[in-house]
Amino acid sequence: MSFMSSDLEPAGLENLAPELAVQIMQNLSITDVTSLLLASKRMREVLNANKPYVMSMILKEQPGIDEMLYLHTAQRCENHRDRMLHPRIVNVRYNGPSGPSTINLMGRDVAKFEYLSDKPLVLRTNVFTLSIGDVIEVWNKMKVIDRYVDLFPRVYWRESPEERRCLRPAEEVRLRKAVARWWLYSHHHHGFFHNWRSFQVPKKWDRDPRLVHIRRLNTDEILELQDLWEFVRDVVSNDLCSSPERICRCDDGYVVDLVPWGAEEGRHNTIVSTYMKLAPDQLMYYLDHYANWKRSVTVNAITADTRLFTRDTETLSISMMKVLEERMLVRSMQHTTFPICSIVDDTRDHPAFVNAWVNDRWADGRVPLDEDQIEMLPQDQSAHARRGDDGTDASLPH
């Protein structure tokens with residue numbers, strides 16, 4: 001038998017069955033899928049033949065997709081503490097080869113919304129049907145998260161570039177989920193999607209929507225979000241809120257160096273906390289266009305698009321701290337430390353220690369104690385959120 005027979009078709013992407021092509025794309029990031037589509041005519045044909053179905057199947061496998069669907073289907077009424085992140089069903093309706101069809105992207109997960117208190121909430125499950133335009137919008141949001149996967153190693157190993165490496169698969173999953181959770185919190189509690197939001201500091205035990213939001217996370221997920229938040233602080237401080245200026249060095253005369261905004265007046269930390277209210281897509285846009293630019297240009301560009309920007313600073317760090325304090329007090333372990341749940345494996349505690357803090361979310365967003373028990377625990381005093389500072393001379397934070 002000759003192995004050079006012309007009857008044998010060459011192997012490769014161009015001869016893959018559509019089902020296999022979809023399976024391959026399901027295991028790639030959105031950005032990698034985009035690159036593959038540019039490189040392979042066959043992959044483009046598979047996608048274009050049934051775009052809503054193929055894109056939906058790819059999105060279903062992306063880490064953080066649940067949070068992004070919550071973000072896309074967010075409603076203004078959800079700012080109420082009893083409606084924050086209520087369960088929902090998200091479907092995509094499309095015209096398949098045999099007629100109209102539906103694919104489910106999110107179904108009501110009973111395990112996530114089991115009610116831990118003696119007064120269960122009555123929540124209506126909303127059903128959302130996405131169009132191809134909605135699917136593309138979610139797809140583009142996932143591409144923003146891909147950008148943070150590329151950015152994270154450069155920032156994390158900024159001071160030791162010789163140690164820089166790509167994220168391992170487990171690390172990438174943690175990062176993607178953490179960015180999606182940051183985005184969802186920012187949408188509800190840092191911007192003005194809702195007609196009203198609180199300018200008070202969150203207090204332990206309160207039914208504050210911001211705390212309800214964070215209580216729905218496991219402790220290890222909150223700690224991973226804290227680790228991401230330090231990365232965001234580093235990026236905002238060094239890459240957005242620092243500008244080149246002439247500084248005097250006695251031996252060398254004047255040189256140009258990056259100077260943090262407001263550092264000499266002791267304002268830099270407040271400035272950074274103010275700009276950390278930007279959502280992930282906003283921050284990435286300004287990093288692309290205004291990283292280390294002149295201060296006045298950057299400030300004008302950002303504040304022109306954001307109303308009441310200096311009204312307050314970010315509250316995510318406070319909300320996470322308050323919920324972690326609640327978790328420790330509820331467990332009666334005030335003197336026990338949390339595990340190190342960093343995104344990068346190198347500094348993450350052993351799984352045996354971390355596993356004691358997983359699957360402990362308060363699924364209905366309420367502390368699993370009655371009022372008498374809560375009154376016996378330490379309480380917080382009411383306080384206004386710290387006034388914001390955009391870095392201009394006209395900004396006078398309290």
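**Contacts, cores and a sheet in a predicted model**

Tutor: In this predicted model, Tyr-275 touches Val-236, Leu-240, Cys-241, Trp-261, Val-299, Ile-302, Phe-309, Asp-389 and Asp-390, leaving aside residues up to four places away in sequence.

Student: What makes these residues contacts of Tyr-275?

Tutor: Contact means heavy atoms within 4.5 Å. Val-236 and Asp-390, among others, touch Tyr-275, so each has heavy atoms within 4.5 Å of that residue.

Student: Why is the set of 91 residues called a nonpolar core?

Tutor: Such a core consists of buried residues of types including Leu, Trp and Tyr, joined through side-chain atoms within 4.5 Å. Trp-182, Leu-228 and Tyr-275 have the most contacts inside the 91-residue core; as members they are buried, which means under 20% relative accessible area. Helix H6 (residues 132-156) gives the largest share, 11 residues.

Student: Which residues belong to the second core?

Tutor: That separate core has 6 residues, including Trp-205, Leu-329, Ile-374 and Leu-377.

Student: How do you know that strand E1 and E3 pair?

Tutor: Pairing needs at least two bridges. Strand E1 (residues 88-96) and E3 share 5 bridges in the parallel sense, so they count as paired. One bridge joins Val-90 to Phe-128 in E3.

Student: What makes strand E2 and strand E3 edge strands?

Tutor: The open sheet has the order E2-E1-E3, with mixed pairing. Strand E2 (99-106) and strand E3 (126-130) each pair on one side only. Neighbouring strands are turned by 30 degrees against each other on average, direction ignored.

Student: What packs on the sheet?

Tutor: Helix H4 (residues 51-60) does, touching E1 and E2; its direction makes about 15 degrees with that of E2.

Technical notes
Residues numbered from 1 in each chain as written. Predicted model: local features only at pLDDT ≥ 70, side-chain atom pairs only at ≥ 80, totals over all residues. Heavy atoms only, no water. Buried < 20%, exposed > 50% of the residue type's maximum accessible area, 1.4 Å probe, protein only. Helix = DSSP H or I, 4+ residues; strand = E, 2+ residues; numbered from the N terminus. Axes fitted to C-alpha atoms, helices over the stretch in contact; angles between N-to-C directions.
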